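User: Please take a close look at the helix packing in this model. I would like a connected account of the geometry and of the residues involved.

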Amino acid sequence: MPRFDSVLFDLDGTLTNPRVAITSSMAHALAEVGAPVPPIEDLVACIGPPLRQNFGRLLGPERAHLVERAAEIYLRRYAIEGVRETTEYRGIDAMLHRIRHAGPRVYLATTKFVDHAEQVLIAFSLRNHFEGVFGARQDGSMGDKRELLKHILEKTGIDPARSVMIGDREHDIVGGKANGIFTIGVTYGFGSREELEKAGADAICESPEEILALIL
């Protein structure tokens with residue numbers, strides 16, 4: 001008997017590895033608006049938080065007027081190169097297959113824009129595992145995991161007490177806990193165990209196999 005009725009997954013850093021796609025697109029956008037470009041490794045921290053929040057931090061108050069332009073440039077490049085530069089973590093398809101066939105409803109909850117998330121899922125033949133795909137909107141709304149998960153609960157009618165949110169960053173954990181959802185942090189993505197523990201993750205897994213064992 002599955003432990004949860006509904007399972008919500010983050011995308012970047014949880015199901016797929018977008019390191020090259022995101023950092024390269026961030027660097028490209030910063031260069032295009034004439035802002036300093038940090039070392040690529042420093043841009044890894046941009047995987048997880050909302051897009052405009054990332055640019056707001058990187059551009060600073062003196063270049064705040066460039067946030068929207070940078071976001072537009074980022075999205076144009078990502079739409080062309082993003083999927084090609086993304087890879088899938090080992091064991092993801094098998095894990096999703098097992099969970100879906102065990103009975104829980106499975107949803108994607110990502111701060112990536114919905115159309116980009118759909119493209120990634122289709123490219124890796126993962127889309128059929130999900131009953132619904134939810135993500136940020138072009139106007140910037142639903143970019144906060146707390147807001148997004150609240151929307152998903154209202155839209156689907158799933159019971160938060162019988163649901164689990166799985167992600168690799170503190171935003172996933174904070175969003176889940178704010179909505180009364182059990183949270184699982186994963187360490188193979190871009191958030192450290194320390195970050196996940198500090199955010200209050202109810203459990204931490206080091207692999208898709210551990211996720212599967214905990215859920216089923």
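Analyst: A crossing of two helices is called left-handed if the near helix is turned anticlockwise from the far one by less than a right angle, and right-handed if it is turned clockwise. The model examined here is a predicted one. In it, the crossing of α3 and α5 is left-handed. The axes of these two helices lie 11 Å apart and make an angle of about 15°. Because angles under 35 degrees count as roughly parallel, α3 and α5 are classed as roughly parallel to each other. On the α3 side the contact is formed by Leu75, Tyr78 and Ala79, and on the α5 side by His116, Gln119 and Val120. By class, this contact comprises four nonpolar and two polar residues, with no charged residue.

Helix α3, residues 67–81, also packs against α1, residues 19–32; here the axes come within 8 Å and cross at roughly 135°. This angle makes α1 oblique to α3. The crossing of α1 and α3 is right-handed, whereas that of α3 and α5 is left-handed. From α1, the residues in contact are Ala21, Ile22, Ser24, Ser25, Met26, His28, Ala29 and Glu32, and they meet Arg69, Ala70, Ile73, Tyr74, Arg77 and Tyr78 of α3. Eight nonpolar, three polar and three charged residues make up the contact of α1 with α3. Tyr78 of α3 takes part in both packings, since it is listed in the contact with α1 and again in the contact with α5. One further residue of α3 is Glu68. With a relative accessible area of 40%, Glu68 is partly exposed. Its C-alpha atom is 8.6 Å from that of Phe55, a residue 13 positions away in sequence.

A third pair consists of α6, residues 145–156, and α7, residues 170–178, whose axes are 8 Å apart and inclined at about 45°. That angle makes α6 oblique to α7. α6 passes α7 in a right-handed crossing. Lys145, Arg146 and Leu149 are the α6 residues in this contact, and their counterparts in α7 are His171, Asp172, Val174, Gly175, Gly176 and Ala178. The classes are evenly represented, with three nonpolar, three polar and three charged residues.

Leu149 connects this pair with a strand: besides meeting α7, Leu149 is in contact with Leu8. Leu8 is found in β1, residues 6–9, and its relative accessibility of 1% makes it buried. Neighbours within four places in sequence aside, the contacts of Leu8 are Tyr107, Ala109, Leu149, Ile152, Ile158, Ser163, Val164, Met165 and Ile166. Arg146, another α6 residue that meets α7, is 138 residues from Leu8 in sequence and 13 Å from it in space, C-alpha to C-alpha.

Two loops next to these helices deserve attention for their backbone geometry. Most residues other than glycine have a negative phi. Ser125 departs from that pattern with a phi near 55°. Ser125 is located in the loop that runs from α5, residues 114–123, to β5, residues 132–136. Its relative accessibility is 54%, so Ser125 counts as exposed. Met142, likewise not a glycine, has a positive phi of about 65°. Met142 is placed in the loop between β5 and α6. In contrast to Ser125, Met142 counts as buried, at 9% relative accessibility.

The helix pairs belong to a protein with nine helices and eight strands in total. The radius of gyration is 17 Å, close to the 17 Å given by the globule rule for 216 residues, so the protein is as compact as a globular protein of that length. Along the principal axes, the C-alpha atoms fill a box of roughly 55 × 30 × 30 Å. Of the 216 residues, 55% count as buried. Among contacts between residues at least 6 apart in sequence, 65% join residues at least 24 apart.

How values were computed. Residues numbered from 1 in each chain as written. Predicted model: local features only at pLDDT ≥ 70, side-chain atom pairs only at ≥ 80, totals over all residues. Heavy atoms only, no water. Axes fitted to C-alpha atoms, helices over the stretch in contact; angles between N-to-C directions. Helix = DSSP H or I, 4+ residues; strand = E, 2+ residues; numbered from the N terminus. Parallel < 35°, antiparallel > 145°, perpendicular 65-115°, else oblique. Contact = heavy atoms within 4.5 Å. Nonpolar A, V, L, I, M, F, W, Y, C, P; charged D, E, K, R; others polar. Rg over C-alpha atoms; globule rule 2.2 N^0.38 Å. Buried < 20%, exposed > 50% of the residue type's maximum accessible area, 1.4 Å probe, protein only.
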